[in-house]
Amino acid sequence: VQLQASGGGLVQAGGSLRLSCAASGRTISRYSMAWFRQAPGKEREFVASITWINPYYANSVKGRFTVSRDNDKNTIYLQMSSLKPEDTAVYYCAASTGGKLIRSRDTPDAWGRGTLVTVSS
């Protein structure tokens, strides 16, 4: 499966962005999907994931970000609100093709290219 994230950009603190991750090559309906991010000089960290139905979030984004999926469009989304400068990072989508719950960067077996989100203060 190939994953392509899009939707990043420059936004002011307090603003919103919606990221998309389009999958091709395979249907993702049975996959667990996730978003990670990597800020400059930092390790890649878990942001949010979604299994068939249930979403999971890092504490740092809980209440501000919403992960969702549209299996008909083979796409997942990350709606980001109340953005903070510390949310600035390259955001990556990832998949566990075996359907494993994703909470760690060691779990996915497919990664997409990232999209840059910059939040200005």
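**Strands, core and two odd phi angles**

Tutor: Let's start with strand 9 and strand 11: three bridges join them, and they run antiparallel. One of the facing pairs is V90 and L116, the latter in strand 11. This is a predicted model, where local features need pLDDT of at least 70, side-chain atom pairs count only at pLDDT 80 or more, and totals for chains, interfaces and linings use all residues. Residues are numbered from 1 along each chain as its sequence is written, and side-chain values use heavy atoms, with hydrogens and water left out.

Student: What makes two strands a pair?

Tutor: DSSP has to find at least two bridges between them. Strand 9 and strand 11 have three, so they qualify under that rule. In general, strands of a sheet pair through backbone hydrogen bonds, either parallel or antiparallel.

Student: In which sense do strand 2 and strand 11 pair?

Tutor: Strand 2 (residues 9-12) and strand 11 pair in the parallel sense, over four bridges. L10 sits opposite T118 of strand 11 there.

Student: How many helices and strands does the chain have?

Tutor: Zero helices and eleven strands. A helix would need a DSSP run of H or I of at least four residues, while a strand takes a run of E of at least two, with numbering from the N terminus. Read along the sequence, you get β-β-β-β-β-β-β-β-β-β-β.

Student: Which strands are the edge strands of the open sheet?

Tutor: First the order: four strands form the open sheet as 1-3-8-7, with antiparallel pairing. The edges are strand 1 (2-6) and strand 7 (65-70), since each pairs on one side only. From one strand to the next, the twist averages 15 degrees, taken between N-to-C directions of lines fitted to C-alpha atoms, on a scale from 0 to 180 degrees.

Student: How do you know that strand 1 and strand 3 are paired?

Tutor: Five antiparallel bridges join strand 1 to strand 3 (residues 17-24), against a requirement of at least two, so they pair. Among the partners in strand 3, C21 stands opposite A5, and S20 is matched with S6.

Student: Which side chains of strand 1 are buried?

Tutor: L3 and A5, which point to one face; Q2, Q4 and S6 point to the other and are not buried. Buried means under 20% relative accessible area, exposed means over 50%, and partly exposed is in between (1.4 Å probe, protein chains only). Strand 11 alternates too: T115, V117 and V119 are buried on one face, while L116, T118 and S120 point the other way and are not.

Student: Why does N74 count as buried?

Tutor: Its relative accessibility is 13%, which is under the cut-off, so N74 is buried. N74 lies in the loop between strand 7 and strand 8 and has a positive phi of about 55 degrees although it is not a glycine.

Student: And why is S82 called partly exposed?

Tutor: At 41%, S82 falls between the two cut-offs, so partly exposed is the label. S82 is found in the loop between strand 8 and strand 9, and this non-glycine also has a positive phi, about 50 degrees.

Student: What makes a set of residues a nonpolar core?

Tutor: The members are buried Ala, Val, Leu, Ile, Met, Phe, Trp, Tyr and Cys residues joined through side-chain atoms within 4.5 Å. The largest such core here has 35 residues, of which W35, L78, M80 and Y91 touch the most other members. Its largest share, five residues, comes from strand 9.

Student: Which residues does M80 touch?

Tutor: Leaving aside residues up to four places away in sequence, M80 touches G15, S16, L17, L19, R64, F65, Y91 and V117. Contact here means heavy atoms within 4.5 Å.

Student: How do you know whether the radius of gyration agrees with a compact globule?

Tutor: The rule is 2.2 Å times the number of residues to the power 0.38, with the radius taken over C-alpha atoms. For 121 residues a compact globule would come out near 14 Å, and the chain has 13 Å, so the two agree. The C-alpha trace spans about 40 × 25 × 25 Å along its principal axes, and 43% of the residues count as buried.
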